[in-house]
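Hi,

Here is the structure I promised to pass on to you. Please open it next to this email and look for each piece as you read.

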There are 2 protein chains.
Amino acid sequence: MAALFHQMTLCGVGLIGGSLALTARKLGLIERIVGLGRTQANLDVAMARGLIDEATRDPGQAARGADLVMLATPVMAFPQTLAAMVPHLPEHAVVTDVGSVKEWVVRELEPLIGPRMALVGVHPVAGKETVGAAAAEENLFVNRRVIVTPSRRSTPDAVAKVEVLWRATGAKVETMTPAAHDAILARASHLPQLVASALAAALEHEQIEGKFAIEYGAGGLRDTTRIAASSAEMWRDICLTNRTAILAALKLFRGTFEEFERVVERAEADELIALFERGRRMRERLK
Amino acid sequence: MAALFHQMTLCGVGLIGGSLALTARKLGLIERIVGLGRTQANLDVAMARGLIDEATRDPGQAARGADLVMLATPVMAFPQTLAAMVPHLPEHAVVTDVGSVKEWVVRELEPLIGPRMALVGVHPVAGKETVGAAAAEENLFVNRRVIVTPSRRSTPDAVAKVEVLWRATGAKVETMTPAAHDAILARASHLPQLVASALAAALEHEQIEGKFAIEYGAGGLRDTTRIAASSAEMWRDICLTNRTAILAALKLFRGTFEEFERVVERAEADELIALFERGRRMRERLK
């Protein structure tokens, strides 16, 4: 395959960005990759693993010569990083990202780019608990969903090239609006996180007759709270940047939770079966 | 080890009862095991696997000669099963169970037993998704908690013998009151189930622009809702028989969930970090 881009500057060489770099280099889709990072230690790992050709902590230096900017830091750091790079970018640079919220990203970044640049919002739905350049792996995106959210400043050419890049990783690429993306992910990803974290937080100190309740949990408690171990900073950013959609998702859950509360309170046997069966059916469909 | 009991009648030859039977026979703790069941097919499996010496669907026949009655059916079937057996039991029979609620069991069963019989409530915290005699396995209880809840009709001798039986399976046996058991399990087991089921039920039909939200969930959604696949009948029984403790646990969760809702609504960054960190700390302690 001919190279799609001459130079990609990867801002944040972590699990997602590093894994993309591995595939892009292997397939020859990108001629040169520059890694922009905050800590030298992680950049050293990225260089040693051959994820990037050059490492820098200076956004201006990272910007020079980049026809593709891949923002892969925590979402709320995108505007500051991009603003520092724009004056040094080639005038036709394509800016893209891997953030897990999209309306906020588009709204914050579109005003920052130059008049001939393009912005293509992307969310690869492929998170894991592991972090940093050391966690990057070649097949991370195989059969995963990658959602592209074209917006006012996305040119057809830039969208096409970004989609080819992601398809090459083995991902299933699809397109939707930033708003649809955020509403869907608020329900399928952000809501489970908040519910799991609330359950874990509620039980943290809970004691009965001097015994900690959580020590009596089995696999169910373990599974249901597993993702509560995720980064608090990352989830703070998601809550702040996808606030409206998350509030709607929380309200959706609250309605069903209150139905459960009500039928337990009233000891309604048939209604309990009906509610648990709704949950069972969702799981059958999830298979 | 000398036999602890001459004949155990196992009411419900499923995962828990069948697994206990396997160990008890192997160690020679019980001379003879009679299986009482509803369906001949499951009893045939139990006979073929050597879990039991004799199979019957008649409670009266099952009761004859039993110095130990092990109730291992769904909890709400205990009273009817035991009532049908009591007239045919030896007068010093010990009645025990493996139900996942304890106050209700003790309250319902104590009035049913004969004046010289004893009741010892037990909950082996070792559930799995698999069911029936085919699912029984020898090491199911190794290092699992088994909670014994002595009550008014538990004699010291009966408690001691039941504890020896469970310790022989490799389980960690401990004692608490039925009320403490129910309060702890309401938090560590019943609450996660209701939260997972409510989350799954809330998302069942959820669509955004014609796309089903759950199809965009990753590992987090999958883990958080896994136990929603459990038996609706079993969880109806648990909700009905441990209602008061479960309502308290739901209220506990609701309080923390509402804190999350409030800080998202108000976009309070530091408070979001603090809440997510509470969840993270619980998970660290769960390790």
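Below I go through what was found in it, from the two copies to the sheets and then the helices.

A word of caution to begin with: this is a predicted model.

**How the two copies are related**

Start with the whole picture. A turn of 180 degrees, with a shift of 0.0 Å along the axis, lays chain A on chain B with an RMSD of 0.0 Å. The two copies are thus related as by a two-fold rotation axis. To find that axis on your screen, look for Thr224(A): its C-alpha lies 2.1 Å from the axis, and no residue of chain A comes closer.

Do the copies meet through the same surface or through different ones? Of the interface residues of chain A, 100% are also interface residues in chain B, so the surface is the same on both copies.

**The sheet in each chain**

Now colour the strands. As general background, strands of a sheet pair through backbone hydrogen bonds, and they do so either parallel or antiparallel.

In chain A you should find an open sheet of eight strands with mixed pairing, in the order S3-S2-S1-S4-S5-S6-S7-S8. Its edge strands are S3 (54-56) and S8 (172-175), each of which pairs on one side only. On average, neighbouring strands of this sheet are turned by 25 degrees against each other, direction ignored. For one pair in detail, take S1 (residues 5-11) and S2 (residues 30-36) of chain A, which run parallel and are joined by six bridges. Within that pair, Phe5(A) stands opposite Ile30(A). Helix H7 (residues 178-203) of chain A packs on the sheet and touches S6 (118-124) and S7 (145-149), with its direction at about 140 degrees to that of S7(A).

Chain B also has an open sheet of eight strands with mixed pairing, and its order is S3-S2-S1-S4-S5-S6-S7-S8. Why do S3 (54-56) and S8 (172-175) of chain B each have one side without a neighbour in the sheet? They stand at the edges and each has a single partner strand, so nothing in the sheet flanks the other side. Here the twist averages 25 degrees from one strand to the next. A good pair to zoom in on is S1 (residues 5-11) and S4 (residues 68-71) of chain B, which pair in the parallel sense over four bridges. Thr9(B) stands opposite Val69(B) of S4(B).

Two helices of chain B are worth showing together with this sheet. H6 (residues 156-167) lies across several strands of chain B, including S1, S4 and S8, and runs at about 30 degrees to S6(B). H7(B) lies across S6 and S7 of chain B, at about 140 degrees to S7(B).

**Helix against helix**

Two packed helices are described by the angle between their axes and the distance between the axes. Here are three pairs to try.

*H7(A) with H10(A).* Within chain A, the axes of H7(A) and H10 (residues 243-265) come within 8 Å and cross at roughly 60 degrees. The two helices are therefore oblique to each other, and the crossing is right-handed. Among the residues in contact are Ala186(A) and Leu194(A) of H7(A), and Ala249(A) and Phe253(A) of H10(A). By class, this contact has 12 nonpolar, one polar and two charged residues.

*H10(A) with H10(B).* Which way do these helices run relative to each other, one in each chain? Their axes come within 11 Å and cross at roughly 165 degrees, which makes H10(A) roughly antiparallel to H10(B). The crossing is left-handed. Leu250(A) and Phe257(A) are among the residues of H10(A) in this contact, and Leu250(B) and Phe257(B) are among those of H10(B). The contact divides into 12 nonpolar, no polar and 12 charged residues.

*H11(A) with H7(B).* Helix H11 (residues 269-286) of chain A packs against H7 (residues 178-203) of chain B at about 65 degrees, with the axes 7 Å apart. They are therefore roughly perpendicular, and H11(A) passes H7(B) in a left-handed crossing. Leu275(A) and Met282(A) are among the residues that H11(A) brings to the contact, and Leu194(B) and Ala201(B) among those from H7(B). The contact is made up of eight nonpolar, three polar and one charged residue.

Enjoy exploring it!

Technical notes
Residues numbered from 1 in each chain as written. Chains lettered and ligands numbered in written order. Predicted model: local features only at pLDDT ≥ 70, side-chain atom pairs only at ≥ 80, totals over all residues. Heavy atoms only, no water. Least-squares fit on C-alpha atoms with pLDDT ≥ 70 in both. Contact = heavy atoms within 4.5 Å. Axes fitted to C-alpha atoms, helices over the stretch in contact; angles between N-to-C directions. Parallel < 35°, antiparallel > 145°, perpendicular 65-115°, else oblique. Left-handed = near helix turned anticlockwise from the far one by under 90°. Nonpolar A, V, L, I, M, F, W, Y, C, P; charged D, E, K, R; others polar. Pairing = 2+ DSSP bridges.
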